[in-house]
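Trainee: I am new to this one and would like to go through it step by step. Could you show me the sequence and the model before we begin?

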Amino acid sequence: MSARSVLFGIFILVGLAGLGVADAFLTNARTPALPPIVEEPSSEPTTVEPPAVAGSGAELSSAAASSASSLASSSSSSSDTPVPAVPGGVLKANGPDVDQTLAANQLTANETNERSLLQGIVTDGTEVSTRVLMINGDRAGLISWVDSPKVKLYFLSLKEALSQSFSAEVRDLVDETQQPAGKPVRNLLSFFDPSIAEERLAFVRVRERLYEFHIATGSDDAIFALIDSLSK
């Protein structure tokens, strides 16, 4: 083999090697570098705690009481506002005088600082009256009442609040609409739940008045006779 052939072969090999290097360089130049994928940390789901029942005993849950206040505030004015006479219309009668009815049923009523559930529901400034009931010097229970055109809202708010507060020990639950002969329609809610009160509770809505009764053991007959007398 001549020296020229050897040199030509070397030249070819060098040329091919140079083309390979150039191709690799151009390929890398055409391929953009991708940034590394950064994993975002997973966020923990937010847990919304249910509203807690405020306190114990006769106190209702704060969320329910707030709901009751909002409902009550959105209604019409309180019973302190006189209702104008409507020609040809019939004005709603006020309920019986409570103190006179208590006396007629041989019940003594004493002023008290004991707080009723109605006082947790009626938060719009409407007056809530409360008395401890006594028979022959012994506690028979408690009565609390409010007069207002908004008593239907109060009653619904009360039922909503209680439904969130009942314990597994609730019993003797009565929730019904009644119409005693010769008397107006009344809504009655009654139950015993030791987590809410030590005594049986009864709530009665008649016309534009809402009552709350606490019934001491052995006083059922006297208190329900009082309820009938006040449902006029």
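**Strand pairing and burial**

Mentor: Let us begin with one pair of residues: Gln178 stands opposite Arg186 in β5. The model is a predicted one.

Trainee: Which strands does that pair belong to, and how many bridges join them?

Mentor: Strand β4, residues 171–178, is joined to β5 by six bridges, and the two run antiparallel.

Trainee: What lies opposite Arg186 in β6?

Mentor: Val206 of β6 stands opposite Arg186. Strand β5, which spans residues 186–192, pairs with β6 in the antiparallel sense, again over six bridges. Another facing pair of these strands is Leu189 and Phe203, the latter in β6.

Trainee: Is β5 mostly covered or mostly open?

Mentor: β5 is mostly covered, as seven of its seven residues are buried. Arg186, Leu188, Ser190 and Phe192 point one way, Asn187, Leu189 and Phe191 point the other way, and all of them are buried.

Trainee: And how many residues of β6 are buried?

Mentor: Seven of the seven residues in β6, which covers 200–206, are buried, so the strand is largely enclosed by the rest of the structure. Both of its faces are covered. On one side are Arg200, Ala202, Val204 and Val206, and on the other are Leu201, Phe203 and Arg205.

Trainee: Let me pick out Phe203. What is its relative accessible area?

Mentor: Phe203 has a relative accessible area of 0% and is buried. The cut-off for that word is under 20%.

Trainee: Which residues does Phe203 touch, leaving aside its neighbours within four places in sequence?

Mentor: The contacts of Phe203 include Leu117, Phe155, Leu158 and Leu162. Also among them are Asn187, Leu188, Leu189 and Phe191, together with Tyr211 and Glu212. As for distance, the C-alpha atoms of Phe203 and Ile227 are 9.7 Å apart in space, while the two residues are 24 apart in sequence.

Trainee: What comes after β6, and in which sense does it pair?

Mentor: Strand β7, residues 209–215, pairs with β6 in the antiparallel sense over seven bridges. Here Val206 stands opposite Arg209 in β7.

Trainee: How many residues lie between the strands of that hairpin?

Mentor: The hairpin of β6 and β7 has two residues between the strands, and Arg207 takes a positive phi near 50 degrees there.

Trainee: Why would a positive phi be worth a remark?

Mentor: Because most residues other than glycine have a negative phi. Arg207 is not a glycine, yet its phi is positive. Its relative accessible area is 31%, so Arg207 is partly exposed.

Trainee: Where does Asn136 lie, since I wanted to ask about that residue too?

Mentor: Asn136 lies in the loop between β2 and β3. Asn136 has a positive phi of about 55 degrees, although it is not a glycine. With a relative accessible area of 77%, Asn136 is exposed.

Trainee: Changing topic, which residues of helix α6 are buried?

Mentor: In α6, residues 220–230, the buried ones are Ile223, Leu226, Ile227, Ser229 and Leu230. They cover an arc of only 160 degrees around the axis, which puts them on the same side of α6.

Trainee: What do those buried residues of α6 pack against?

Mentor: They pack against helix α3 (98–104) and against the strands β2 (129–135), β3 (138–147), β5, β6 and β7.

Trainee: Now to pockets. What is the volume of the second largest pocket?

Mentor: The second largest pocket has a volume of about 160 Å³. Its lining includes Arg171, Asp172, Phe192, Glu198, Glu199 and Arg200. Ile215, Ala216, Thr217 and Asp220 are also among the lining residues.

Trainee: How many of those lining residues are charged, polar or nonpolar?

Mentor: Six are charged, one is polar and three are nonpolar.

Trainee: Finally, the whole chain: how many helices and strands are there?

Mentor: The protein chain has six helices and seven strands. Along the sequence they follow the pattern α-α-α-β-α-β-β-α-β-β-β-β-α. Of the 232 residues in the chain, 33% are buried. Among contacts between residues at least 6 apart in sequence, 57% join residues at least 24 apart.

Key: Residues are numbered from 1 along each chain as its sequence is written. This is a predicted model: local features need pLDDT of at least 70, side-chain atom pairs count only at pLDDT 80 or more; totals for chains, interfaces and linings use all residues. Side-chain values use heavy atoms; hydrogens and water are left out. Buried means under 20% relative accessible area, exposed over 50%, partly exposed in between (1.4 Å probe, protein chains only). Helices (H or I, at least four residues) and strands (E, at least two) are DSSP runs, numbered from the N terminus. Two strands pair if DSSP finds at least two bridges between them. The arc is that of the directions from the helix axis to the C-beta atoms. Contact means heavy atoms within 4.5 Å. On a 1 Å grid over the protein atoms alone, a cavity is a set of points where a 1.4 Å probe fits but cannot get out, and a pocket is an open set with protein on both sides within 12 Å along at least five of seven lines; lining residues have an atom within 4 Å of a point. Grid points are joined across faces, edges and corners, and a volume is the space filled by probe spheres set on the points. Ala, Val, Leu, Ile, Met, Phe, Trp, Tyr, Cys and Pro count as nonpolar, Asp, Glu, Lys and Arg as charged, and the others, Gly among them, as polar.
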